[in-house]
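Grab a coffee and open the structure viewer. Below is a short set of exercises to work through, each with a solution you can check against your own look.

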Amino acid sequence: MRRRRRVWRRPRLRTRTVLLQCAVVTLVVSTAFGAFAYDSEQRLTREYQQRALAVARTVAGEPAVRADADRWSAAAERPGGGAAHVSRTVLAGSPLNARAEEVRRAAGALFVVVTDDRGIRLTHPDPAQLGRPVSTDPSVALSGHEELARHHAHLGEEVVAKVPVRAPGSREVVGEANVGVSAAAVQAAQTRVLLSGVGWLVAALLVGLAASVLLAQRWKRLTLGLEPEELATLVQEHEAVLHGIGEGVLALDAGDRVTVANDEVRRLLGVDAAPGTPVAELGLTPRVRAVLRRPAAGRAVMAVVRERVLVVSARTVRRDGRRLGTLLTVQDRTAVESLTRQLDAVRTMSGALRAQRHEFANRLHVLFGLLRSGQPAEATGYLEALLGSGPLGETLPDFDDKALRDSSLRAFLSAKAAAAREREVTLVLGGGTWVRRTVTSPVDVTTVLGNLVDNAVDAARSGRRVPRRVEVELIGLEGELLITVADSGDGVDPARRADLFDEGVSTKEPDSAAPTGRGIGLPLARQVARARGGDLRLTDPGAPPQAGTGDAATADGPGTIGGAAGEAAGEPDDRVTGGAVFVARLPGVLADDEDAPGTGGGPDVSPSPAGSGSRTPDGTASIPHPGPGPSTSTATNTATGARSGTGAGTGTRAGAGTPRIPSSARADVPPECAT
């Protein structure tokens with residue numbers, strides 16, 4: 001039976017890290033201990049040399065030693081004289097040798113040797129060495145200098161100190177005092193020192209090994225137990241996925257600092273999002289910050305960032321029950337939202353067309369009956385009545401189709417009027433409506449206008465004033481379009497006025513059917529206006545009707561211009577007041593060319609027959625050219641006095657139909673919206 005071959009598996013990163021760190025710690029500690037041992041040996045050698053030097057100096061300085069050395073040196077000058085020719089017994093029994101032995105035993109030295117000026121031993125622990133020359137070179141000491149050395153002599157390894165011995169009362173050198181200490185004594189002292197440091201060595205080694213193990217464990221936690229090869233693969237996949245998807249991805253760590261941000265999220269959110277940046281310093285919009293503060297698992301929330309409509313969702317990332325951070329995904333829904341709003345407009349217009357189809361069918365039946373019964377005169381009168389009203393005339397009272405040239409805008413307003421009528425709200429055009437140029441950016445215009453009209457219809461329908469009405473007024477000034485929308489509702493709640501244009505803020509009840517919630521329309525409309533260099537403002541917040549004033553039975557609230565004053569002047573009162581008034585300015589949304597006569601490159605004006613009731617008596621609309629100069633005051637007067645009820649015309653609107661901002665806005669129109 002074939003035995004299975006064992007496959008060698010490479011140790012895991014943690015094991016390799018621990019082994020490597022243990023080897024490094026052991027090497028470092030061993031090297032440090034070796035350096036300590038070498039330094040201890042050198043220090044002890046110098047210490048014992050200094051001890052020997054002190055003993056040698058003491059011996060060389062004694063008078064008896066100096067006298068005996070001088071006597072033996074002088075004897076050596078005579079032929080056959082000196083210590084070399086004297087019996088060793090004589091030298092061993094001399095007082096000088098006895099003194100040297102006494103000093104040696106007291107100092108614990110290996111030897112104390114005194115020589116004459118020729119290096120012949122006068123004293124020595126071994127009597128056999130007396131009268132012989134020293135085994136080391138005595139020239140340094142005999143020349144008058146002290147010497148510290150380490151030699152290997154007949155007594156073994158020794159540490160030696162040599163000091164010159166001088167004649168009594170003279171500086172003449174007559175010998176040397178040589179004191180030696182055994183190297184074994186030095187090594188024994190060094191061993192004691194090293195043994196005392198072994199404990200510290202072992203302690204340091206254990207601490208290093210423990211630190212290595214702890215570091216390996218922390219490395220494992222930080223890498224989530226992944227091996228280097230797995231980490232490399234993960235990084236490659238991470239880069240490929242992060243920069244290959246069409247969504248923005250922003251990852252935060254447990255401390256809410258940026259760890260990962262792809263190029264798409266930087267583009268959509270308009271932030272730098274460098275790694276390590278706190279989320280509070282990114283400059284995110286309040287809506288996005290709220291999503292990050294309360295991450296929900298996959299719940300998408302609509303947000304408006306600059307001119308883009310985004311869908312953001314955040315979720316908490318966990319592993320093994322530990323929170324690792326937060327992941328934010330961002331999708332661009334600007335194009336989809338634009339198409340959705342266009343689809344809503346088409347759906348509204350198609351609904352209005354279906355309703356008109358039924359109306360036209362009924363009218364054709366009437367005409368068919370009149371003609372079949374032989375009543376052509378009544379049929380002619382009936383046709384004249386139909387042509388006088390028309391579909392737009394029915395849905396938009398007091399509407400002059402010459403004041404609004406763009407067919408798509410007329411159809412859009414007609415559809416909105418039909419939808420409002422189904423909700424028991426009347427949509428009317430302001431008498432100052434005058435736009436003779438075609439719309440070049442219908443998406444932006446319908447986005448802003450549609451949001452404002454929808455909000456106004458909701459406010460009028462839920463308000464307490466009757467009849468429920470919404471007034472829309474459009475004024476074209478060169479390439480700019482000024483939109484004013486007023487309603488007869490109860491106004492904007494004072495608690496909501498400060499943050500009315502913030503994302504997620506809505507005056508309506510939450511709609512559970514809307515997956516992204518409410519509070520998007522007004523912020524989106526303002527972003528669209530500001531992206532084109534314009535703006536959207538709440539110029540009049542309005543107020544609820546006051547009890548006891550009869551305000552609930554009329555669309556004219558107390559304190560508004562009109563009411564009794566208008567009736568006293570003998571003029572009908574069709575103004576929409578009491579509710580909120582929004583004014584938007586959209587530059588660059590109208591065509592530059594115009595084929596209407598008398599306009600040139602100035603404001604959108606057109607001649608009108610005098611006394612027609614829809615224009616000024618002289619037949620021209622009094623809209624000034626935007627810019628500095630006298631025309632500015634004319635525009636201001638037109639905007640503020642349009643509903644004064646004192647105009648020269650005889651139509652249903654004040655000011656004889658002069659194009660102007662609805663009087664409900666009056667002087668509250670911001671300068672940037674009332675150019």
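The exercises that follow start with the whole chain and then move to single spots in this predicted model.

**Exercise 1. Get an overview of the chain: what is it built from, and how much of it is buried?**

Step one is to count the elements: the protein chain has 16 helices and 14 strands. Step two is burial, and here 43% of the 675 residues come out as buried. Step three looks at how the chain meets itself: among contacts with a separation of 6 or more, 63% are between residues 24 or more positions apart.

**Exercise 2. Decide which stretches to treat with caution, using pLDDT.**

Start with the chain as a whole: its mean pLDDT is 75, and 75% of the residues reach 70 or more. Now go to residues 555-572, where pLDDT is below 50; that stretch still has 33 contacts in the model beyond near neighbours in sequence. Then check residues 596-603, also with pLDDT under 50, for which the model has 19 contacts beyond four places in sequence.

**Exercise 3. Find the largest nonpolar core and say which helix gives the largest share of it.**

A bit of background first: in soluble globular proteins, nonpolar side chains tend to be buried together. In this model the largest nonpolar core holds 45 residues, and Leu449, Leu452, Val470, Val472, Leu474 and Ile483 have the most contacts inside it. Helix H13 (residues 442-462) gives the largest share, with 8 residues. Next, click on Leu452 and ignore anything within four places in sequence: what's left in contact is Ile483, Val485, Leu522, Leu536, Phe582 and Ala584. Last, look for another core: a second, separate one has 33 residues, including Leu44, Ala52, Ala109 and Leu130.

**Exercise 4. Is Trp434 buried or exposed, and where does it lie?**

First place Trp434: it lies in the loop between E10 and H13. Then take its relative accessible area, which is 2%; the cut-off for buried is under 20%, so Trp434 is buried. Finally, find Leu474, which is 40 residues away in sequence, yet the two C-alpha atoms are 6.3 Å apart. Leu474 should ring a bell, as it's among the residues with the most contacts inside the largest core.

**Exercise 5. Work out the burial class of Arg526 and list what it touches.**

Arg526 is found in helix H14 (residues 521-531). Its relative accessibility is 17%, which is under the 20% cut-off, so this charged residue counts as buried. Leave out residues up to four places away in sequence, and Arg526 touches Phe501, Asp535, Leu536 and Arg537. Leu536 also turned up in Exercise 3, as a contact of Leu452.

**Exercise 6. Describe the second largest pocket: how much space, and which residues line it?**

Begin with volume: about 940 Å³ of space lies in this pocket. There are 28 lining residues, and Leu224, Leu234, Thr259, Val317 and Leu324 are the closest to the centre. Then ask which elements give two or more residues to the lining: they are helices H6 (183-222) and H7 (228-244), plus strands E5 (248-253), E6 (258-261), E8 (308-319) and E9 (322-332). Sort the lining by class and you get 17 nonpolar, 5 polar and 6 charged residues.

**Exercise 7. Place Gln331 and find what it contacts.**

Gln331 lies in strand E9. At 33% relative accessibility, it falls between the 20% and 50% cut-offs, so Gln331 counts as partly exposed. Beyond four places in sequence, its contacts are Glu247, Leu268, Val309, Leu310 and Val311. As a distance check, the C-alpha atoms of Gln331 and Gly248 are separated by 6.4 Å, with their positions 83 residues apart along the chain.

**Exercise 8. Hunt for backbone oddities in the loops.**

Start at Pro467, in the loop between H13 and strand E11 (469-477). A cis peptide bond joins Val466 to Pro467, with omega at about -5°. Next come two positive phi values at residues that aren't glycines: about 65° at Glu424 and about 55° at Glu478. Glu424 sits in the loop between helix H12 (407-422) and strand E10 (426-429), while Glu478 is in the loop between E11 and strand E12 (480-487). To finish, compare accessibility: Glu424 is exposed at 63%, whereas Glu478 is partly exposed at 24%.

Key
Residues are numbered from 1 along each chain as its sequence is written. This is a predicted model: local features need pLDDT of at least 70, side-chain atom pairs count only at pLDDT 80 or more; totals for chains, interfaces and linings use all residues. Side-chain values use heavy atoms; hydrogens and water are left out. A nonpolar core is a set of buried Ala, Val, Leu, Ile, Met, Phe, Trp, Tyr and Cys residues joined through side-chain atoms within 4.5 Å. Buried means under 20% relative accessible area, exposed over 50%, partly exposed in between (1.4 Å probe, protein chains only). Helices (H or I, at least four residues) and strands (E, at least two) are DSSP runs, numbered from the N terminus. Contact means heavy atoms within 4.5 Å. On a 1 Å grid over the protein atoms alone, a cavity is a set of points where a 1.4 Å probe fits but cannot get out, and a pocket is an open set with protein on both sides within 12 Å along at least five of seven lines; lining residues have an atom within 4 Å of a point. Grid points are joined across faces, edges and corners, and a volume is the space filled by probe spheres set on the points. pLDDT is the predictor's confidence in each residue, from 0 to 100.
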